[in-house]
Amino acid sequence: MIQWSGYRRRVVFLVILLALLCLPGAVSQAQGPGVDVLIYKVDTADFPTMQVYSSPRVEGQVLPDLTPEEFRIYENGTNKAIDDVRKERIGTQVAIVLDASGSFNLPGVTDPGKKRINEAVDAIDELILNKEAMWLDLDNRTDKLMLMAPTGSNSFEVMQDWTDAYTTIHNAAYPLQPVKGDTPLLKMLQEAMKRMKDLPEYRERAKFLLVFSDGIDRISAQDISDVLKRADSLGVTILSVKMGPANAGEGKNLQRLAEETNGAYIVYAGPESLAPLYSVIRSQAHQYILTYQSAIKTSGDHAVQVGVVQDGREYQSEPYSFPIFVKPPEVFIANPNSIQKDPKNPEPMDGMVIKRITNDWKMDLADIEPKSMPVRVIVRFPDEHPRDIVEVIYAVNGKVLAKLPPTQSFIWDFTKLPLGENDLTLVVRVRDVLGLEGESDPTRVKVIVSRPEPPTNSVIMGTAPGRKGNELLLLDDAGRTIASTTVAEDETFQFANLGEGTYTIKDVTATDGQNVIGPFQVDGTQQFQVPEDQTFPPPPIVEPPRDIWYWLLMALALFALGFSAFVYWKRPQAVMSGLSTVTAAVQEMTQPFRPRRGMQYQASASLVPILDDAGTRGKPIPLPAQSVFIGRDPARAQITFADPTVSRLHARIVEESDGVFLLYDEGSSSGTYVNEVPVTHEPVRLNAGDIIEFGRVRVIFVPEADAEVTEPFIPTR
């Protein structure tokens with residue numbers, strides 16, 4: 001028994017000790033009221049930047065001058081860093097219920113010469129007209145007011161619906177007359193709270209019922225409970241003003257309505273007595289706007305909480321639920337050429353063909369234009385929440401080529417592609433600040449790399465004026481005949497399939513002794529053009545030998561002359577007529593045709609420039625001669641283009657005797673093309689509507705007989 005007694009004493013001592021240890025905390029909590037933290041709104045318009053509208057209150061007053069360090073934000077239970085905190089006057093909703101029963105005809109409290117109804121109007125004017133206290137936002141009119149009053153013992157009327165023209169409240173209240181007997185106060189309170197929802201933004205601001213009544217209890221306890229439930233569901237605070245003397249037992253229901261909705265209750269003693277009520281309205285018109293960056297990655301309902309730290313303790317709001325629609329970004333690869341034409345609706349790059357072509361077999365593949373191309377990426381957000389992109393990944397044929405920030409452009413390099421048709425597939429993937437990734441559709445691009453094969457032998461070409469049809473021999477450095485050819489109709493000749501060596505050319509048909517040119521050194525890989533100053537000279541004009549036939553013809557001529565003189569002596573008129581006829585006939589048969597002085601070549605074909613990719617045509621350019629040079633240098637070409645891809649002497653068009661037009665490439669650097677087929681060593685016959693390319697310059701060939709041709713060859717690009 002003694003042991004149990006000692007045990008009990010120790011237990012009692014421990015209980016008392018624990019109570020003493022807990023006592024300072026209990027006293028600390030009892031020293032001041034708690035903080036009510038409310039959330040009115042979560043703004044997702046600039047998602048993922050979020051704005052939370054919150055109102056931390058103590059006894060109905062919003063805490064002033066809180067710093068970001070005193071706030072906490074929890075998104076779906078995770079603490080988030082706060083970017084910014086600011087306080088703004090958002091405004092309130094105040095439904096004024098003027099319970100003007102018969103007692104409002106009694107003398108007022110502040111001035112016996114006034115009725116209580118007049119004191120109630122004065123109380124309303126204090127709220128809506130006091131520019132010093134600024135109970136309402138008289139400048140920006142962010143507060144919304146409504147006035148309701150009874151019209152009978154069981155009827156009422158909205159004297160002024162929701163308005164920010166505050167003087168209309170005074171105008172509606174001033175002519176009111178109290179009703180006889182009781183009023184439907186309960187119905188007015190319920191209807192006033194119901195009409196809170198008439199404003200679209202009613203959830204986003206503090207809501208008040210401002211009740212002016214005589215305080216005579218005409219509402220049952222059950223009715224009071226119904227009003228309180230409705231006020232709690234809507235977040236309505238009730239501010240009660242008892243008009244008349246503070247009689248014992250009166251105003252209990254008014255006081256209960258105020259206390260259980262965290263409102264305030266006073267007995268009217270003049271406009272200055274309303275300050276405790278109206279300061280609550282002014283205070284709760286302000287809200288703190290907290291900005292933070294969301295990490296939400298999925299659509300649906302989410303929750304946020306706001307915490308406020310005061311005196312070492314954190315007070316948290318109830319979770320505020322809000323919906324959000326979130327989708328990964330969409331990626332679109334645009335054709336860079338179409339962006340310049342229509343930036344808002346560019347064409348896709350898919351199916352694009354890029355040609356890298358040169359006629360110079362010596363050119364390095366890396367130097368063929370175009371060497372590269374910028375990739376234009378357009379990112380769209382189907383959830384209509386634009387946000388920052390943190391990384392862009394470019395992959396070709398499954399291999400990642402670059403990972404770049406969105407501020408850096410990607411230049412697609414073509415210099416390492418081999419000869420032939422390169423079928424490439426480009427995919428671009430982006431990642432946004434939320435970590436969501438979007439990927440483009442596979443974009444197919446064909447890059448054609450073309451360069452002629454290096455020649456395996458040399459060609460010697462030249463001209464032989466006046467030696468058409470003559471036989472030429474090609475001799476090596478030992479004098480041996482390597483090949484033979486005949487001078488063509490256009491007085492040109494050519495020896496092909498030659499290896500490296502030294503060669504001379506001999507005209508075996510010539511009889512003038514000037515029948516050898518050379519020697520010429522060739523390296524086995526080039527086309528050798530015999531210089532004009534080293535080619536065959538024109539053969540001299542040789543007088544025919546004066547043999548017996550010459551003298552015979554001279555004798556006949558003298559005889560004819562003597563006979564003519566004899567006939568003229570006998571019949572001079574007949575002789576002169578016959579002589580004129582013969583002379584004309586002889587001249588017609590023997591004299592060659594010579595053009596009249598001033599006569600010009602008549603252009604029988606034209607080149608029509610193509611000005612842009614849409615096929616817009618320029619003014620036709622007639623061919624001014626039978627043989628026309630085209631280039632960039634006006635001193636060497638009859639038709640010139642200023643484009644840098646056109647060589648100084650680029651190409652030549654020759655009209656043959658039968659009206660056939662031939663196109664020659666004069667060794668241009670960027671090549672000559674007919675309907676996208678390169679012109680090589682052999683000339684190309686031109687047809688109506690052919691598209692000729694001199695570098696980047698494009699023209700349509702139009703013969704005179706086909707001047708009306710409107711549909712040229714359209715290449716596949």
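Trainee: Over residues 1-9, where does pLDDT stay, and how many contacts does the model have beyond four places in sequence?

Mentor: Start with the general idea: where pLDDT is low, the predicted coordinates should not be read in detail. This is a predicted model, and over residues 1-9 pLDDT stays under 50, with zero contacts beyond four places in sequence. Residues 11-32 also stay under 50, and the model has one such contact for them.

Trainee: What about the chain as a whole, what pLDDT does it average?

Mentor: The average is 85, and 85% of the residues score at least 70.

Trainee: Okay, helices next. Is helix α7 largely enclosed or open?

Mentor: Here, "buried" means under 20% relative accessible area. In α7 (residues 275-284), seven of the 10 residues are buried, so the helix is largely enclosed by the rest of the structure. Those buried residues are L277, Y278, S279, V280, I281, S283 and Q284.

Trainee: And L552, is that buried or exposed?

Mentor: Neither: L552 counts as partly exposed because its relative accessibility is 42%. You'll find L552 in helix α9 (residues 548-570). Now a general point: an α-helix has 3.6 residues a turn, so residues three or four places apart point the same way. On the surface, L552, L553 and L556 form a nonpolar patch with about 300 Å² of accessible area together.

Trainee: How many aromatic pairs are there?

Mentor: Seven, counting rings whose centres lie within 6.5 Å. One of them is F641 with F694, which is stacked: 6.2 Å centre to centre and 25° between the planes. That pair links distant parts of the chain, 53 residues apart, with F694 in strand β42 (residues 691-694). Both F641 and F694 are buried.

Key. Residues numbered from 1 in each chain as written. Predicted model: local features only at pLDDT ≥ 70, side-chain atom pairs only at ≥ 80, totals over all residues. Heavy atoms only, no water. Patch = residues over 30% accessible without salt bridge, like charges linked within 9 Å, V, L, I, M, F, W, Y side chains within 5 Å. Areas by Shrake-Rupley, 256 points an atom, 1.4 Å probe, with all protein chains shown as cover. Salt bridge = Lys/Arg side-chain N within 4 Å of Asp/Glu carboxyl O. Helix = DSSP H or I, 4+ residues; strand = E, 2+ residues; numbered from the N terminus. Buried < 20%, exposed > 50% of the residue type's maximum accessible area, 1.4 Å probe, protein only. pLDDT = per-residue confidence, 0-100. Contact = heavy atoms within 4.5 Å. Phe/Tyr/Trp six-rings, centres within 6.5 Å; stacked < 30°, edge-to-face > 60°.
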